[in-house]
Amino acid sequence: MIRLQRSMIAGLDRPDLATVQAKLQSAIQLEHSTIPLYLYALYSLDPQRNGEICGIIQEVVVEEMLHMILACNVLNAIGGTPGIDTPDFIPTYPGALPGGVESDLFVQLAPFSKTVPDGMSQLDCFIQIEEPEHPLAFKALAAVEEPVTIGQFYAKISQALADLAATDPNLFSATPRHQIGPDLMPEAVVVTDLASARQAIETIVEQGEGTTVSPLAVVGGGYAHYYRFQEIRHGRRLVPVPDAVEPEDRYSYAGAEVPFDPAGVYAVPTSPSAATYPAGSAASVANDTFNYTYTSLLKALHAMVNGAATPDQFNRALGIMMSLKSQARAMMSGLPDPGRLVGPSFEYLPVLPGTRG
Amino acid sequence: MSYLSSLRLHFAGEFQANISTVNNDPGHFHNATFKDSYQTMQTAQAANGWFNPQGDASFRLLGCTVTAAWTAAGPAAPRDPILTYVVADSDGAVPAKLVDLDPEQQLVSEIWGLEVRIADKHGNTVLRGRYVPAAFTDIWDRASGGGGGDVGAGAAYQSVLEDLWWSEAITSPFLLALKQASQASGRLSIKFNVDGLNADFRSPRFMCGRIAGTIGPAAPGEPRHLVVGRHFLAVAMAGGNFFTPVGGLNHFPAVIEPETGRLIADLGNALSTATPGGAINDVGDLQLAVVDPSRPRSDPGAVVPLGTLAPATGSAGYAQVPGWYARTAGVVVMPLSEVQRRWLEHAPLAVTGHASVGIAEAPNGTYLRADTYVYRMSPGESVEIPIRAMQWGRPLAGAAVSVAPDKSQLQPTPAEPPYVEAGPPVATPDDVLAVGPLPRTDADGITTLTLTGRDPGTPRWFNGGRDYGIDGQVYGLRPSFADPALAVPGPQVNQWDFISVLLWSGFAAPEPVTWTIVQPIFQQYANLYPVMLRFLNLADPEQLRENLPLLTLAFSLPVSDPNTMPVTRDLSPAKREAILAWLANPLPGDVAAPAALAASSAPTPRPPAGPGPGAGNPAAKGGKAAAAARRLIVQARNGAQS
């Protein structure tokens, strides 16, 4: 479970509009911050050998993107301006997640690992990120403390929105303002009032954590992220147990195999930065090109959530995501040079430099 | 106006052209005989998928900076911010795509979906424009040493930027002047030269090369891919890969700017280099002269020197000053006196350097070319092709123009290594393209060719027409002056000045569209573009069904969109419709996905054991050089035509 610094909820007890907007901006950054982590692990896997795991991570990433957009929708609905196209929007890896307690979880861009001796594997890290406040342990319950959790963070925002709406009937733009709707992203919620704002926030929390009584997310129907990553850990799909009575007996990791082939992981570096690759090297050129494309994606998303919520703009962003996927798959798997595996560093690069650095 | 204007900027840096090469061999379009090895990197023993089988067709601008800016009054002020700006491609969409017209016409590769930006060094954009798709021309053996084939080639792209967006915050006086000058047309003219492509997959510069270019205002009514001006025409030397000019200088245009009386010439793709993408060769001080048409050429007094167009050495020497090419893109300016301008009003210009170095306009000063010279057509479709006639640099009105089939530059394939089988014939059947009546040129020197296509059938299917193959047929058409007095006499000719047409096969999918109908199309793409395996196996209907929304989107986008599928643009509208119908209702068929490719992951390149396919193997020279070697005219010259 991610524990957030208390400053993440500061001011939400007696909220003003600016504070709530700032917290929603933090939420957008938080939702984005896991995407490079998951993508790095995803593209470090050979899909021919680890297809099931790739599928699980891919589904989670898509929902994280949705969550980021939902937070944008809520912020836009109360007149805010999501800021995505800036260098500091991207977290520094390795490091804490935005707003996270540093001593708690130190995340890094790393190739997928299921277990590591005497340490935390990348899968352990993902599970910890997605761990609900009260995980349904299915016979494997672990005790946890009660600090500021992501769930509490969103609950506070939700309450703050209610408080503000109680005094300001015009808090929400009743006419959809810069909203990404389900026409562009399935399961997206157009926010025009408190109820739809809460629905958007609940979608974020439940897809991430599940509900307190079921691993199923209410929206979308799949399991919450935590349980999907647990499927990888257990090597089996989570399936319902008919006729079970107690909540922790209702599901079991007893479904189809989720095999892991350690030979199907490319040996890319951990937490690379642009400085990892010598200036003018082929690795540096590939990394720069990736980062320029990644920055272009942030710019395209920024435009989309700041007034260009059109199918054309959405498709442009989608196209860039496909280009990122293609580039990452190539550079991490040793194309065109099998002697060179390059991990993308996910850094802000608004100008593509030449090949000589 | 055009980029050859006193008001212009130059930029230089690198380009990336990450084209895929499996489709370099037309025989790879033969689904029935395709092998997995055709998707792997070439080795010393085998051409396989040639030198970049994993290419994704991306065309990018890398590290391009503005190197100089000029106005009619002289160079831009040193403190003009334009001199700190970069020239970049889109920062909000996928990269542009570089696209061949056809495996049997690979010498007009077009850039599609490029956005050109001028931005500050932090990436803040001050100007954006949509690059109108353009094909390269004037490809030649530019590097005199250090690597031949594609690596030693140079070529030029000319186009316009449309849908211009200018920042409200422009502070550059140069850019404000450019904005003002382009207001009437709403367009900018852009030309760049590319050379020094690197084809070594271990190099950081793999699939990158040098680019140097010029941006200036475009005037209303100007052609988009051509300069209305004075065209210096080279004479071909025998041999070489693409084109080797007898006088050492490649074809190039120049204009006499009316407002300033200056001659502005573009030597950017005319000057050879010592090595690929390297320093400009010293071919001597380039002298401009006018040839007195009233005196015989043998008369030394027939050539009247006008002055030095470009010194080779000294403080402005093209072969001496480091960075000269980057700062000029090869554009040189020479003031002309009024008397000189009168001399050359009706007389051909010549440029000479060291002994044996030289190039001249046609003796009668004429020039003729289609503005856009690459077309794709469906049966029953007509295209209108503007052709521009000029003489002494001005539009030539009232000229009669004719158009004749010319397949000499197309590239059918011999049945010899590295090719896996004989490629299908080109330009047959020869009676399916109808040329409409060509009126004499109008006051702007324009006549418009109306070209209508009939169904060519499937002349390029394999195995005697039984096996699915290359769609449609490719043709060449060359315009010329019908009046012998206007035709260019003698050996000066630009072999590249012809129109390339890809005419799709007629195709009517039976209803409903089942997998059986679309399988060959998908299979061919899966075979030719291994990059797609990073997403899915296009030959596997199950994987297609799992990705229907994304595929439907990609096949529905306009062809101008860089995200459109296929990026290669070699899918006819009729087949695209069939694919969309199948994606809307993916019915099964009675064709199974071939097991071989369905099971293969992204292939791992095997490093060549030696310096690439053995000496004498065309694949070792690169895709374009290999294609160029297949041209009918080259085969005839070498006596290899059967």
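## Exercises on a two-chain predicted model

A:P336 turns up in the segment after helix 8 (311-333) of chain A; helices (H or I, at least four residues) and strands (E, at least two) are DSSP runs, numbered from the N terminus. Residues count from 1 along each chain as its sequence is written, with chains lettered from A and ligands numbered from 1 in the order in which they are written. The model is predicted, so to speak of local features takes pLDDT of at least 70, side-chain atom pairs count only at pLDDT 80 or more, and totals for chains, interfaces and linings use all residues, while side-chain values use heavy atoms, leaving out hydrogens and water.

**Exercise 1. Find the cis peptide bonds that lead into A:P336 and B:P429, and place B:P429**.

- Start with chain A: the bond between A:L335 and A:P336 is cis, with omega about 5°.
- Then go to chain B, where B:T428 and B:P429 are joined by a cis bond with omega about 0°.
- B:P429 belongs to the loop between strand 26 and strand 27 (433-435) of chain B.
- For background, most peptide bonds are trans, and most residues other than glycine have a negative phi.

**Exercise 2. Check phi at A:E187 and B:S2, then decide: buried or exposed, or partly exposed?**

- A:E187 is no glycine, yet its phi is positive, near 75°.
- Its place is the loop between helix 4 (150-167) and helix 5 (194-209) of chain A.
- A:E187 is partly exposed, because its relative accessibility is 32%; buried means under 20% relative accessible area, exposed over 50%, partly exposed in between (1.4 Å probe, protein chains only).
- B:S2, also not a glycine, has a positive phi of about 80°, and sits in the segment before strand 1 (8-18) of chain B.
- With a relative accessible area of 5%, B:S2 is buried.

**Exercise 3. Work out the order of the open sheet with strands 23, 30, 29 and 26 of chain B**.

- The order reads 23-30-29-26, with mixed pairing; two strands pair if DSSP finds at least two bridges between them.
- Strand 23 (374-377) and strand 26 (401-405) of chain B are the edges, each pairing on one side only.
- Now take strand 29 (residues 473-481) and strand 30 (residues 499-503) of chain B: they run antiparallel over five bridges.
- Here B:G476 faces B:S500 of strand 30.

**Exercise 4. Test the length of helix 7 of chain B and look at what packs on it**.

- At 1.5 Å a residue, the twelve residues of helix 7 (residues 573-584) of chain B should span 16 Å, and the end C-alpha atoms are indeed 16 Å apart; the expected span is 1.5 Å times one less than the number of residues.
- Buried residues of this helix include B:K575, B:I579 and B:W582.
- The buried set packs against helix 4 (515-528), helix 5 (541-545) and helix 6 (548-556) of chain B, contact being heavy atoms within 4.5 Å.
- B:K575 also lies over the face of B:F507, 5.3 Å from the ring centre; a charge sits over a ring if NZ of Lys or CZ of Arg is within 6 Å of the ring centre and within 35 degrees of the ring normal.

**Exercise 5. Classify the aromatic pair A:Y38 and A:F126**.

- Rings of Phe, Tyr and Trp (its six-membered ring) pair if their centres lie within 6.5 Å; planes under 30 degrees apart count as stacked, over 60 as edge-to-face and the rest as tilted.
- Over all chains there are 24 aromatic pairs.
- A:Y38 and A:F126 are 4.6 Å centre to centre with 75° between the planes: edge-to-face.
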